[in-house]
Amino acid sequence: MRKDLGAKTVLYPMPVLILAAYGENGKVDAMNAAWGGIADTDQVCICLTADHATTKSIAARRALTVSFADAAHVAEADYLGIVSGNDVPNKFERSGLHAERSPHVDAPIIKEFPLALECKLRSMDEISENTVRVIADIVNVSADESIMTDGKIDIAKLDPITLDSASHGYYRIGGRVGNAFSDGKKLIK
Ligand SMILES: Cc1cc2nc3c(=O)[nH]c(=O)nc-3n(C[C@H](O)[C@H](O)[C@H](O)COP(=O)(O)O)c2cc1C
């Protein structure tokens with residue numbers, strides 16, 4: 001029997017995105033964001049609390065990078081989601097992560113995460129009290145060779161994690177089960 005769970009933010013798999021932006025004096029702000037996804041062919045959409053340090057820096061610099069948390073950096077990714085730069089000014093240094101300037105946008109790339117979207121802020125609209133919807137244009141995708149096979153991003157090498165918001169668990173993405181744009185053809189009559 002099916003059960004109604006009410007209006008909840010349920011969407012599988014939820015990406016564990018790491019947003020990074022420059023704050024005042026070149027300080028790196030970074031946070032964990034799972035309420036995000038694709039908005040258009042070259043745009044991402046993320047729902048953010050307005051007073052996060054990273055949100056304010058994205059608004060000020062109009063740029064950010066979006067990295068994908070991986071299984072090798074679960075603790076670092078979670079740390080970025082439970083500690084605020086508003087309270088701990090050297091939050092990023094304390095995470096043990098390192099950053100370098102993106103050559104494409106005014107935002108830091110976190111070196112330990114091998115895949116990053118380099119983005120410019122398109123819009124930041126208030127959608128409810130203290131929550132904004134960020135739409136950002138993807139200017140460039142930068143991938144470390146270590147996660148590529150034959151010039152393409154290899155999801156098995158990337159080993160991204162997903163959030164289960166119901167149990168507050170981080171999960172690996174499972175193995176390949178089919179071929180997109182192809183397996184359905186056998187049902188075309
Ligand atoms: C798994 C996880 C997912 C999160 N997703 C979001 C999100 O989508 N939007 C948001 O505003 N905050 C989200 N947060 C909370 C922020 O990452 C957190 O408040 C962080 O401390 C903000 O850091 P800052 O103030 O240094 O920017 C998430 C936290 C965790 C642990």
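Student: What makes strand 2 and strand 6 a pair?

Tutor: Two strands pair if DSSP finds at least two bridges between them. Four bridges join strand 2 (residues 17-22) to strand 6, so the pair qualifies, and the two run antiparallel. One of the partnerships sets Ala20 opposite Thr65 in strand 6. Strands here are DSSP runs of E with at least two residues, helices are runs of H or I with at least four, and both are numbered from the N terminus. This is a predicted model, where local features need pLDDT of at least 70, side-chain atom pairs count only at pLDDT 80 or more, and totals for chains, interfaces and linings use all residues. Residues are numbered from 1 along each chain as its sequence is written.

Student: What does strand 6 pair with in the antiparallel sense over five bridges?

Tutor: That's strand 9 (residues 115-128). Ser67 has Ala116 in strand 9 as its bridge partner.

Student: Why is strand 6 called mostly covered?

Tutor: A residue is buried if 20 or more other C-beta atoms, placed from the backbone, lie within 10 Å of its own, exposed if 12 or fewer, and partly exposed in between. In strand 6 (residues 63-68), six of its six residues are buried. In a regular strand the side chains alternate between the two faces of the sheet. Here Ala63, Thr65 and Ser67 are buried on one side, and Leu64, Val66 and Phe68 are buried on the other.

Student: Why is Lys120 called partly exposed?

Tutor: Count its neighbours: Lys120 has 16 other C-beta atoms within 10 Å, which puts it between the two cut-offs, so partly exposed is the label. Lys120 is in strand 9. Leaving out residues up to four places away in sequence, Lys120 touches Arg62, Ala63, Val105, Ala136, Asp137 and Val139 (contact means C-beta atoms, placed from the backbone, within 7 Å).

Student: Why is Arg62 partly exposed while Asn25 counts as exposed?

Tutor: Arg62 has 17 other C-beta atoms within 10 Å, so it is partly exposed. Asn25 has 5 C-beta neighbours inside 10 Å, so it counts as exposed. Arg62 sits in the loop between helix 1 and strand 6, and Asn25 in the loop between strand 2 and strand 3. Phi of Arg62 is near 55 degrees, a positive value in a residue other than glycine. Phi of Asn25 is also positive, near 55 degrees.

Student: What makes a set of residues a nonpolar core, and which residues have the most contacts inside the largest one?

Tutor: A core is a set of buried Ala, Val, Leu, Ile, Met, Phe, Trp, Tyr and Cys residues joined through C-beta atoms within 7 Å. The largest has 41 residues, and those with the most contacts inside it are Leu17, Ile18, Leu19, Ala20, Ala30 and Leu64. Strand 2 gives the most to this core, with six residues. Among the residues that Leu17 touches are Ile46, Val66 and Phe68.

Student: How do you know which strands are the edges of the sheet 1-13-14?

Tutor: The three strands form an open antiparallel sheet in that order. Strand 1 (14-15) and strand 14 (169-172) each pair on one side only, and those are the edge strands. Two bridges join strand 1 to strand 13 (residues 161-164), so the pair just meets the minimum of at least two. Pro15 stands opposite Thr162 in strand 13.

Notes:
Two residues are in contact if their C-beta atoms, placed from the backbone, lie within 7 Å.
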